[in-house]
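These are my notebook entries from a session with one protein model. I wrote down what I looked up, entry by entry, beginning with a single side chain and moving outward.

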Amino acid sequence: MANAITLGRLLLLWLVILLAYRATPAWQLFNVPLLILVFASDGLDGYVARKRNETSLFGALFDIAADRIVELSLWVVLAQLALIPAWVPLLYLARGVLVDTIRASGAENQHTEPFALMRTAIGHWLVAGRLMRIFYAVLKAVAFCWWMLLLPLPALLPELWAQWEWLLTGFGMLLVYLSVALCLLRGIPVVAEFMAQREA
């Protein structure tokens with residue numbers, strides 16, 4: 001059941017992308033509630049897995065893969081629509097490939113869930129800590145929803161857009177830069193602990 005929820009999240013993502021590219025500006029407004037469903041289902045699949053005792057290594061890795069597909073797809077779409085700089089999805093892609101490769105290798109070798117691999121207190125707090133994971137997820141979700149909300153505004157409210165574009169896009173870029181900073185910060189302990197284990 002939990003894996004079906006994860007799969008449903010990916011299907012909702014493709015609907016969001018379709019609306020972003022093909023829909024009229026009025027229909028594009030539906031992307032915000034759809035994205036909220038996408039992000040809410042991310043927490044729901046883990047809850048269902050624990051409640052129904054369906055937790056598994058595959059489920060944990062599938063959830064992480066779905067998270068990556070969602071975030072990378074949305075960053076790429078925003079960059080392709082010229083809403084954010086192209087370096088943002090490239091940075092997320094490079095960091096994601098590096099960190100997820102390390103996690104997958106450790107999970108396979110130690111037969112444990114990826115977030116359980118962190119050994120140091122700071123690494124555990126930054127990468128696996130519940131509060132930090134929720135904060136990071138919410139920050140990205142707000143950034144994605146904000147930009148999807150801005151996408152149809154020039155056509156729907158041209159006067160408002162002409163007057164407040166600088167503030168609306170400035171706040172959007174602040175969300176992007178904070179997300180990028182946290183992305184890099186959370187990747188450092190994964191790489192550092194992996195290198196330390198290899199040298200030990």
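**Entry 1: His124 and its helix**

I began with His124, which counts as partly exposed because its relative accessibility is 40%, and I noted that the model I am reading is a predicted one. I then looked up where His124 sits along the chain, and its place is in helix H6. Next I checked a partner far from His124 in sequence: Arg186 is 62 residues away along the chain, yet the two C-alpha atoms are 9.8 Å apart in space.

I went on to the rest of the helix and asked which residues of H6 are buried. I found that Gly123, Leu126, Val127 and Ala128 are buried in helix H6, which covers residues 121–128. When I looked down the axis of H6, these buried residues fell within an arc of 155°, so they line one face of the helix. The face turned away from the buried side of H6 carries Ala121 and Ile122, which are exposed.

**Entry 2: the protein as a whole**

I stepped back to see what H6 belongs to, and I counted 9 helices and 0 strands in the protein. Read from the N terminus, the order of elements is α-α-α-α-α-α-α-α-α. The protein has 200 residues, and 43% of them are buried. I also looked up the accessible surface, which comes to about 10,900 Å², with 72% of it belonging to carbon and sulfur atoms.

I wanted to know what share of the contacts joins parts that lie far from one another in sequence. Among contacts with a separation of 6 or more, 76% are between residues 24 or more positions apart.

**Entry 3: the salt bridges around Arg9**

I looked up the salt bridges next, and the count comes to 5. One of them is between Asp42 and Arg9, whose closest N and O atoms are 3.4 Å apart. Asp42 lies in helix H3 (residues 31–51) and Arg9 in helix H1 (residues 2–22), so this pair ties together parts that are 33 residues apart in sequence.

Arg9 also forms a salt bridge with Asp63, and here the closest N and O atoms are 2.7 Å apart. This pair links distant parts of the chain, since Arg9 is in helix H1 and Asp63 in helix H4 (residues 57–80), 54 residues apart. I then found that the side chains of Arg9 and Asp67 meet in a salt bridge as well, at 2.5 Å from N to O. Asp67 is likewise in helix H4, and the pair is 58 residues apart in sequence. Taken together, Arg9, Asp42, Asp63 and Asp67 are linked in a network of salt bridges.

Which members of this network did I find buried, and which partly exposed? Arg9 counts as buried because its relative accessibility is 2%. Asp63 is also buried, with a relative accessible area of 17%, whereas Asp42 is partly exposed at 24%. The last two values lie on either side of the cut-off, as buried means under 20% relative accessible area.

**Entry 4: the nonpolar core**

I turned to the nonpolar residues inside the protein, and the largest nonpolar core has 46 residues. Those with the most contacts inside this core are Leu74, Trp75, Ile84, Tyr92, Met148 and Val176. I noted that H1, H3, H4, helix H5 (87–110), H6, H7 and H9 each supply at least two residues of the core. I picked Val176 for a closer look and, leaving aside its neighbours within four places in sequence, I found it in contact with Trp75, Ile84, Val88 and Trp147.

**Entry 5: H7 and the nonpolar patch**

My last entry concerns the outside, where a nonpolar surface patch of about 710 Å² is made by Leu29, Leu149, Leu156, Leu157, Leu160, Trp164, Trp166 and Leu167. Which helix gives the most to the nonpolar patch? Helix H9 (residues 158–199) does, with 4 residues. I checked Leu149 too, which is found in helix H7 (residues 130–150) and is partly exposed, with a relative accessible area of 34%.

In H7 I also looked at Val142, which counts as partly exposed at 38% relative accessibility. The C-alpha atoms of Val142 and Leu175 are separated by 7.7 Å, although the two are 33 residues apart along the chain.

Definitions and conventions
Residues are numbered from 1 along each chain as its sequence is written. This is a predicted model: local features need pLDDT of at least 70, side-chain atom pairs count only at pLDDT 80 or more; totals for chains, interfaces and linings use all residues. Side-chain values use heavy atoms; hydrogens and water are left out. Patches are made of residues with over 30% relative accessible area and no salt bridge: like charges are joined within 9 Å, nonpolar side chains (Val, Leu, Ile, Met, Phe, Trp, Tyr) within 5 Å. Accessible areas come from the Shrake-Rupley method with a 1.4 Å probe; for residues, only the protein chains shown count as cover. A salt bridge is a side-chain nitrogen of Lys or Arg within 4 Å of a carboxyl oxygen of Asp or Glu. Buried means under 20% relative accessible area, exposed over 50%, partly exposed in between (1.4 Å probe, protein chains only). The arc is that of the directions from the helix axis to the C-beta atoms. A nonpolar core is a set of buried Ala, Val, Leu, Ile, Met, Phe, Trp, Tyr and Cys residues joined through side-chain atoms within 4.5 Å. Contact means heavy atoms within 4.5 Å.
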